[in-house]
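Colleague: Please take a close look at one part of this model and walk me through it. Start with a single residue and work outward.

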Amino acid sequence: SALRHYESWGLVPKVERGENGYRIYTNEHEAYFECIRALNSGFGMDLVKKVMPLIIKGKVHDALWLINKAQVDLYNEKKTVEKTLEMLESKDVEELNANTKFSKKYFTIGDVAKEANVSPSAIRHWEKEGLLEAKRHHESGFRIYTSSDIKRVFIIRTIQRAVYFLDIVREVLAEIDKNNITQVKDMAIQSLEYIDNALLQQIKGMASLQKLLDIITEKSDKN
């Protein structure tokens, strides 16, 4: 069951057993279970597996900073998708340059990765898969990218986060190359709706965590 998984993963305090061998769950355990479920909905189990052991060890601030970082990441994701929508609505590269900070003619892979909130390895992978084609500097041989390339990276990033499968990414990019941006705009809008919902789930998770911390504090005060 889920409860036993939580125990085996070290996400709840040790559960004592009665003389009959059955587990004895307390109000504190119940609060842990509720908190795990609530945090999982908003932050995912990977983060929960990092946060809950810290709570058990009394390292509350460390746990809260992890959660805070996840909230910052969600905000950054929202801004990236919004920027993608803005780019999609730009009629041409000149308009794109006027509406953004892309003032240079060429950019490094590090510039692109930072701007689009992706890793350089992801960009290299997309190139390998034929989704993106970068030029090479005639002297250094390093990859160089244009404003159009950055726009394409934003779009690839948004599509892949919505559908995951590269074949679908290729299909959508082919439509974009034909100036049909309806599908990718819909995906971006759906991504924003997902992010808004994730924010609500995170708030509920934080409320559940506060309830758990109150119970832990009350127990500590009694002892």
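Modeller: Glu28 is buried, with a relative accessible area of 13%. Buried means under 20% relative accessible area, exposed means over 50%, and partly exposed lies in between (1.4 Å probe, protein chains only). Keep in mind that this is a predicted model, in which local features need pLDDT of at least 70, side-chain atom pairs count only at pLDDT 80 or more, and totals for chains, interfaces and linings use all residues. Residues are numbered from 1 along each chain as its sequence is written, and side-chain values use heavy atoms, with hydrogens and water left out.

Glu28 has a charged partner. Lys219 forms a salt bridge with Glu28, and the closest N and O atoms are 2.8 Å apart. This pair links distant parts of the chain: Glu28 sits in helix H2 and Lys219 in helix H10, 191 residues apart. A salt bridge here is a side-chain nitrogen of Lys or Arg within 4 Å of a carboxyl oxygen of Asp or Glu. Helices (H or I, at least four residues) and strands (E, at least two) are DSSP runs, numbered from the N terminus. At 44% relative accessibility, Lys219 counts as partly exposed. Glu28, by contrast, is buried.

Now the helix itself. H2 covers residues 27–43, 17 residues in total. At 1.5 Å a residue, H2 should span 24 Å, and its end C-alpha atoms are indeed 24 Å apart, which agrees. The expected span is 1.5 Å times one less than the number of residues.

Which residues of H2 are buried? Near its start in the list come Glu28, His29, Ala31, Tyr32 and Phe33. Then follow Cys35, Ile36, Ala38, Leu39, Gly42 and Phe43. What covers them includes helix H1 (2–8), strand E2 (23–24), helix H3 (45–56), helix H4 (60–89) and helix H10 (182–222). Right after H2 comes Gly44, with a positive phi near 90°.

H10 offers a second view of that cover. Ser208 lies in H10. Ser208 is buried too, at a relative accessible area of 15%. Leaving aside residues up to four places away in sequence, Ser208 touches Glu34, Cys35 and Ala38. Contact means heavy atoms within 4.5 Å. Of these partners, Cys35 and Ala38 are among the buried residues of H2.

Two other elements from that cover, H1 and E2, are joined by charge. The side chains of Arg23 and Glu7 meet in a salt bridge (3.1 Å, N to O). Arg23 lies in E2 and Glu7 in H1, so the pair ties together parts that are 16 residues apart in sequence. Arg23 counts as partly exposed at 27% relative accessibility. Glu7 is also partly exposed, at 22%.

How many salt bridges does the structure hold? It holds 13. One of them is between Glu127 and Arg143, with the closest N and O atoms 2.9 Å apart. It links helix H7 (residues 120–128), home of Glu127, to strand E4 (residues 143–144), home of Arg143, 16 residues apart. Glu127 is buried at 16% relative accessibility, while Arg143 is partly exposed at 23%. Elsewhere, salt bridges that share partners join Glu77, Arg157 and Arg161 into one network.

H10 also has a role in the packing of helix H9. H9 runs over residues 166–177, with 12 residues, and reaches 16 Å from its first C-alpha to its last, close to the 16 Å expected. Its buried residues are Leu166, Val169, Val172, Leu173 and Ile176. Seen down the axis of H9, they fall within an arc of 115°, so they line one face of the helix. The arc is that of the directions from the helix axis to the C-beta atoms. The face of H9 turned away from its buried side carries the exposed residues Asp167 and Glu171. The buried residues of H9 pack against H7, helix H8 (147–163) and H10. Asn179, with a positive phi near 70°, follows H9.

Finally, a loop. Asn117 is found between H6 and H7. Its phi is near 60°, a positive value in a residue other than glycine. At 36% relative accessibility, Asn117 counts as partly exposed.
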